[in-house]
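Welcome to a short tour of a protein model. Have the sequence and the picture at hand, and follow along as we go from single residues to the whole chain.

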Amino acid sequence: KAQTRARFQTIVGLEIHAQLDISTKLFSPAPVNNINSSSQAKGSQKPNSHLHPYDVAVPGQLPTLSANAVRSAVLAATLLQCQVQTESRFERKHYTYADLP
């Protein structure tokens, strides 16, 4: 058993999810309904009233990563003394269904 323990090292990682207080969606220029904002009352916006063609998967629409979101996330990570990766990659899968027009 001592030989087996020497070959393996336990590594524990954490994945943290947080909501940033930004004015747009992460991959879309569409504004968000920020219920914490004093300028908007909760429930004052109609559902689906802040959409961009990317949000509804219109063919040919590409995502636009919010620079403000990246700045806010890096600032939060830095303040929390987290390790910030210098490069990130995002992939979005698109599915097609035979029964859709």
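A residue is called buried when its relative accessible area is under 20%, exposed when it is over 50%, and partly exposed in between. Asn33, at 40% relative accessibility, therefore counts as partly exposed. Please keep in mind that this is a predicted model.

**The overall plan**

Let us begin with the whole chain. The protein has 2 helices and 2 strands, and from the N terminus on they follow the order α-β-β-α. There are 101 residues in the protein, and buried ones make up 8% of them. The accessible surface comes to about 9600 Å², and 55% of that belongs to carbon and sulfur atoms. What share of the contacts with a separation of 6 or more comes from residues 24 or more positions apart? The share is 50%.

**Four residues to compare**

Now find these residues in the picture. The table gives the relative accessibility of each one.

| Residue | Relative accessibility | Class |
|---|---|---|
| Ser66 | 9% | buried |
| Tyr54 | 11% | buried |
| Ile22 | 11% | buried |
| Gln81 | 75% | exposed |

Is Ile22 buried or exposed? Ile22 is buried, because its relative accessible area is 11% and the cut-off for buried is under 20%. You will find Ile22 in the loop between α1 (2-7) and β1 (24-25). Leaving aside residues up to four places away in sequence, Ile22 touches Val32, Ser66, Asn68, Ala69 and Ser72.

One of those partners, Ser66, sits in the loop between β2 (28-31) and α2. Which residues does Ser66 touch, not counting residues up to four places away in sequence? They are Ile22, Thr24, Lys25 and Leu26. With a relative accessible area of 9%, Ser66 is buried.

Asn33 is also worth a look, and its place is in the loop between β2 and α2. Ile22 and Asn33 are 11 residues apart in sequence, and their C-alpha atoms are 10.0 Å apart in space. Asn33 can be paired with Pro47 as well: these two are 14 residues apart along the chain, with 9.6 Å between their C-alpha atoms.

Tyr54 lies in the loop between β2 and α2. At 11% relative accessibility, Tyr54 counts as buried. Between Tyr54 and Phe27 there are 8.2 Å from C-alpha to C-alpha, while in sequence the two are 27 residues apart.

**Helix α2 and what follows**

How far apart should the ends of α2 be? At 1.5 Å a residue, its 13 residues should span 18 Å, and the end C-alpha atoms are indeed 18 Å apart, so the two values agree. The reason for the 18 Å is that the expected span is 1.5 Å times one less than the number of residues. Here is a handy general point about such elements: an α-helix has 3.6 residues a turn, so residues three or four places apart point the same way.

Just after α2 comes Gln81, with a positive phi of about 55°. Gln81 is a residue other than glycine. Its relative accessibility of 75% means that Gln81 counts as exposed.

**The largest pocket**

Finally, look for the largest pocket, which has a volume of about 1200 Å³. Its lining is made up of 28 residues, and Ile16, Leu20, Ala69, Ala73 and Val74 lie nearest its centre. Which element gives the largest share of this lining? That is helix α2 (residues 67-79), with 6 residues. By type, the lining residues divide into 18 nonpolar, 8 polar and 2 charged. Ala69 links two parts of our tour: this residue is among those nearest the pocket centre, and Ile22 touches it.

Note on methods. Residues are numbered from 1 along each chain as its sequence is written. This is a predicted model: local features need pLDDT of at least 70, side-chain atom pairs count only at pLDDT 80 or more; totals for chains, interfaces and linings use all residues. Side-chain values use heavy atoms; hydrogens and water are left out. On a 1 Å grid over the protein atoms alone, a cavity is a set of points where a 1.4 Å probe fits but cannot get out, and a pocket is an open set with protein on both sides within 12 Å along at least five of seven lines; lining residues have an atom within 4 Å of a point. Grid points are joined across faces, edges and corners, and a volume is the space filled by probe spheres set on the points. Helices (H or I, at least four residues) and strands (E, at least two) are DSSP runs, numbered from the N terminus. Ala, Val, Leu, Ile, Met, Phe, Trp, Tyr, Cys and Pro count as nonpolar, Asp, Glu, Lys and Arg as charged, and the others, Gly among them, as polar. Buried means under 20% relative accessible area, exposed over 50%, partly exposed in between (1.4 Å probe, protein chains only). Contact means heavy atoms within 4.5 Å. Accessible areas come from the Shrake-Rupley method with a 1.4 Å probe; for residues, only the protein chains shown count as cover.
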